[in-house]
Amino acid sequence: MKKEFAVIGLGRFGSSICRALVEKGMEVLAIDIDEDRVNAFSNIASHAVMADTTDEKTLKELGIRNFDHVIVAIGDNIQASILTSLILKELGVKHITVKAQNDYHEKVLSKIGADRVIHPERDMGKRIAHQIVSNNVLDALELSDKHSVIEVIANKRMDGNTLVELDVRAKYGCNIIGMKRGEEIIVSPKADFQIREGDLLIVIGANNDIERFERQLL
Ligand code: ADP
């Protein structure tokens, strides 16, 4: 069965989420207080409606409770974002994801009981910074504030070594969970797998262990 999503706020972030969900074949109700933005989505989303989501009655009339997942992407108007999230929670929406503008906003949203609070600008900033400072790091994904997964390109020093020889698990406490060589993907590479310069390694570990791995091996 198709999942039903509602996206509230059709700014840059909300529009992008909305389009991506539609591309994945999901049913999406797009909501915004601004008529022009709603009109722009009338041919993209499954349904597009103009509504002020800080009004409980309106949300009830939209049957918002029946959606599997509601994404609140109201940007600058933090008050409207908080109030909308609170009403969604009170109405018993099963899954609520909210975009936060700053740390204070994030804290309030978590207290209200939003299932997931995202902070795309801050997180993207961190990821890009990581890529910029570490030459061989292609991407970094924070799993929590203590653990990450990073994608690194194997350098000359690693070339020709097997995973056993590199021994990243014992030396750095990290695990290489996957690799990419050209178009080939290797999930859970075996201990005797020989690394070549240019291979993409997917490494999981505690942040301080990953930092050591990056400092000493890359
Ligand atoms: P972004 O930073 O993602 O571009 P914006 O602040 O530009 O975010 O967009 C947020 C959207 O949320 C705007 O289109 C705005 O009209 C909409 N919005 C703001 N308040 C409400 C509300 N009370 N109900 C519904 N939509 C709202």
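Student: Is Lys126 buried, exposed or in between in this structure?

Tutor: The general idea is that a residue counts as buried under 20% relative accessible area and as exposed over 50%, with partly exposed in between. Lys126 has a relative accessible area of 42%, and therefore it is partly exposed. Please keep in mind throughout that this is a predicted model.

Student: With which residue does Lys126 form a salt bridge, and how far apart are the closest N and O atoms?

Tutor: A contact of this kind is accepted when a side-chain nitrogen of Lys or Arg is within 4 Å of a carboxyl oxygen of Asp or Glu. Here the partner of Lys126 is Glu142, and the closest N and O atoms are 3.5 Å apart. Glu142 belongs to strand E7 (residues 137-142) and Lys126 to helix H6, so that the pair, 16 residues apart, links distant parts of the chain. Glu142 is itself partly exposed, with a relative accessible area of 46%.

Student: How many salt bridges does a search of the whole structure find?

Tutor: The search finds eleven. One of the others pairs the side chains of Asp103 and Arg122, with 3.3 Å from N to O. Because Asp103 lies in helix H5 (residues 103-112) and Arg122 in helix H6 (residues 120-133), this pair ties together parts that are 19 residues apart in sequence. Arg122 has a relative accessibility of 31%, which places it among the partly exposed residues.

Student: Which parts of the chain are tied together by the pair Lys156 and Glu197?

Tutor: The side chains of Lys156 and Glu197 meet in a salt bridge of 3.6 Å, N to O. Lys156 is in the loop between strand E8 (147-153) and helix H7 (163-166), while Glu197 is in the loop between strand E10 (184-187) and strand E11 (200-206), so the parts tied together are 41 residues apart in sequence. As for accessibility, Lys156 is exposed at 64%, whereas Glu197, at 42%, counts as partly exposed.

Student: Which residues are joined into one network by salt bridges that share partners?

Tutor: Asp103, Glu106, Arg122 and Asp123 are joined in this way.

Student: Where does Lys57 lie, and is Lys57 buried or exposed?

Tutor: Lys57 lies in helix H3 (residues 56-61), and its relative accessible area of 58% makes it exposed. Separation along the chain and separation in space can be read side by side for Lys57 and Ala100, which are 43 residues apart in sequence and 24 Å apart in space, C-alpha to C-alpha.

Terms used. Residues numbered from 1 in each chain as written. Predicted model: local features only at pLDDT ≥ 70, side-chain atom pairs only at ≥ 80, totals over all residues. Heavy atoms only, no water. Helix = DSSP H or I, 4+ residues; strand = E, 2+ residues; numbered from the N terminus. Buried < 20%, exposed > 50% of the residue type's maximum accessible area, 1.4 Å probe, protein only.
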